[in-house]
Amino acid sequence: MSIVGARPNMMKVAPLLAEFRRHEDIEPVLVHTGQHYDYSMSQVFFDQLGVPPPDYNLDVGSGTHYAQTAEIMRKFGELVQQDRPDMVVVAGDVNSTIACALVAAKERIPVAHLEAGLRSFDRNMPEEINRVLTDALADLLFTTEESANRNLANEGVDPGKVFFVGNLMIDSLVNALKVARQSCLRSELGLEGKPYAVLTLHRPSNVDNEDQLRRTLDAIGKLAQHIPVVFPAHPRTARNIEAAGLTAMKTWNGGSISNSGLWMMPPASYLDFLDLTQQAAMVITDSGGVQEETTFLGVPCLTYRETTERPVTVSMGTNLVVGCDPENLLRHALEVLGQARDGHTGSTPARPPLWDGRTSSRIVQILTEVWEADLACAGEREPR
Ligand code: UD1
């Protein structure tokens, strides 16, 4: 039983579900918690990643972290008591991840955690708390990079439970790249063949504080005097911008944009976002997954956070963690722009180990071996 809840879960679970479907002895069941529910945050990812409708939708919707987590637990608890899956598979670090892992662990159902072991070491991020707790509960921990293996070893996790398999998001990306090139968004924006930057912002630390949000958008507005900045805004961010009456940006209502300006638009679909990212002169983000996608694609990425839980994107990739000071962000962004103008980009995309599009088949191979070993043990235990 695989769980999706929030947008970044979809790209991790989609390739695994496809691989499950290729094995006739595995019966995949998909549960959507409903943490994300807008078409542009949820259904469009099902459509574009070829994921069939979920078998169950818990429809929990928004709320405080506590109400949301509790509601997922309550509804998922009822479901697993009735359905008794052989394993629960959770992904990443969102509230749906910890909520379902906790229920499964209490029901004594084995938990597999996709993207285990990542650590920002910053407990101000709700995701960090979700990661640490989910890993403590998981029976099988699938990791994306070496730092995760080290973090889990340092926390005393039995290395026999940890499997370094690579990155499922990159499986999705590799599968989608050809189709993404057919996206029409860049041509609608009039950006084909032109330099532009992409911005995504949704961390509470960046968007829930009005002063920080205003100063950030002012700084990016200054960058946007030199290069158009395309800003597909998360619903949380869009709402806060509207509530604060911020005017540093223009709203895109379709049609070509001019050669400068900060342009806010609704959340982009998976394929549109991939295509936008791949052709961008730079990406500015506080997302986790975008740091990985830009690394794989060789696109300069400025991470607008104090830390990253994905250090391989810095040591091997194109990522620079610039902190949360708007002036500093602007300085770095202008530097990247200068380098692009001098023709100094075009670094060969780095491919961290096992980010090769074949992670889902490695995971299913491991799961099959674990199940076979379990069945063999059960056979030995059988009374004669
Ligand atoms: C969640 C994850 C975060 C992930 C992000 C990706 C947690 C703790 N955080 O943050 O790690 O990077 O998803 O997007 O799980 N909203 C809508 N429509 C939607 C979904 C959300 O309007 O479809 C609004 C809600 O009203 C809510 C706000 O956005 O107030 C935040 O949603 P929530 O799921 O609580 O957290 P995210 O900020 O999306």
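This is a short tour of a predicted model, stop by stop, with a suggestion of what to select at each one.

**Stop 1: the whole chain**

Start with everything shown as a cartoon. You should find 16 helices and 14 strands in the chain. The radius of gyration is 21 Å, close to the 21 Å that the globule rule gives for 384 residues, so the chain is as compact as a globular protein of that length. Turn the view along the principal axes, and the C-alpha atoms fill a box of roughly 80 × 40 × 40 Å.

Now colour the residues by accessibility. Buried residues make up 57% of the 384 residues. Switch on the surface as well: the chain exposes about 16,700 Å², and carbon and sulfur atoms supply 50% of that area.

Two further views are worth a moment. If you display contacts between residues at least 6 apart in sequence, 68% of them join residues at least 24 apart. If you colour by charge instead, there are 34 positive and 49 negative charges, and the mean positions of the two groups are 3 Å apart.

**Stop 2: helix α13**

Select residues 289-297, which form helix α13. Is this helix enclosed or open to the outside? Nine of its nine residues are buried, so α13 is largely enclosed by the rest of the structure. Show the side chains and you can go through the buried residues by name: G289, V290, Q291, E292, E293, T294, T295, F296 and L297.

What do these buried residues pack against? Add the partners to your selection one at a time. The helices are α7 (168-180), α12 (270-278) and α14 (312-315). The strands are β12 (282-285), β13 (301-303) and β14 (319-321).

Before leaving, step on to G298, which follows α13 and has a positive phi, near 75°.

**Stop 3: the cysteines**

Next, select the cysteines. How many disulfides does the model have? The count comes to zero. Take C301 as an example: the nearest cysteine sulfur is that of C324, and it is 13 Å away. A disulfide needs two cysteine sulfur atoms within 2.5 Å, so C301 is in no disulfide. C301 counts as buried, at 1% relative accessibility. Move to C100 and you will find another buried cysteine, with a relative accessible area of 0%.

**Stop 4: T144 in its loop**

Now pick T144, in the loop between β6 (140-143) and α6 (146-154). Is T144 buried or exposed? T144 counts as buried, because its relative accessibility is 3%. To see what surrounds T144, leave aside its neighbours within four places in sequence and show its other contacts: E115, L118, F164, G166, N167, P353 and W355.

**Stop 5: two residues with positive phi**

Finish with two loop residues. Select R84, in the loop between α3 (65-83) and β4 (88-91). R84 is not a glycine, although its phi is positive, at about 40°. With 40% relative accessibility, R84 counts as partly exposed.

Then go to L354, in the loop between α15 (326-341) and α16 (359-381). L354 is not a glycine either, and its phi is positive, at about 70°. How open is L354 to the outside? L354 is partly exposed, with a relative accessible area of 30%. From here you can look back to T144, whose contacts include P353 and W355.

Note on methods: Residues are numbered from 1 along each chain as its sequence is written. Side-chain values use heavy atoms; hydrogens and water are left out. Buried means under 20% relative accessible area, exposed over 50%, partly exposed in between (1.4 Å probe, protein chains only). Helices (H or I, at least four residues) and strands (E, at least two) are DSSP runs, numbered from the N terminus. The radius of gyration is taken over C-alpha atoms; the globule rule is 2.2 Å times the number of residues to the power 0.38. Contact means heavy atoms within 4.5 Å. Accessible areas come from the Shrake-Rupley method with a 1.4 Å probe; for residues, only the protein chains shown count as cover. Lys and Arg count as positive and Asp and Glu as negative; His and the chain ends are not counted. The place of a charge is taken as NZ of Lys, CZ of Arg, CG of Asp or CD of Glu.
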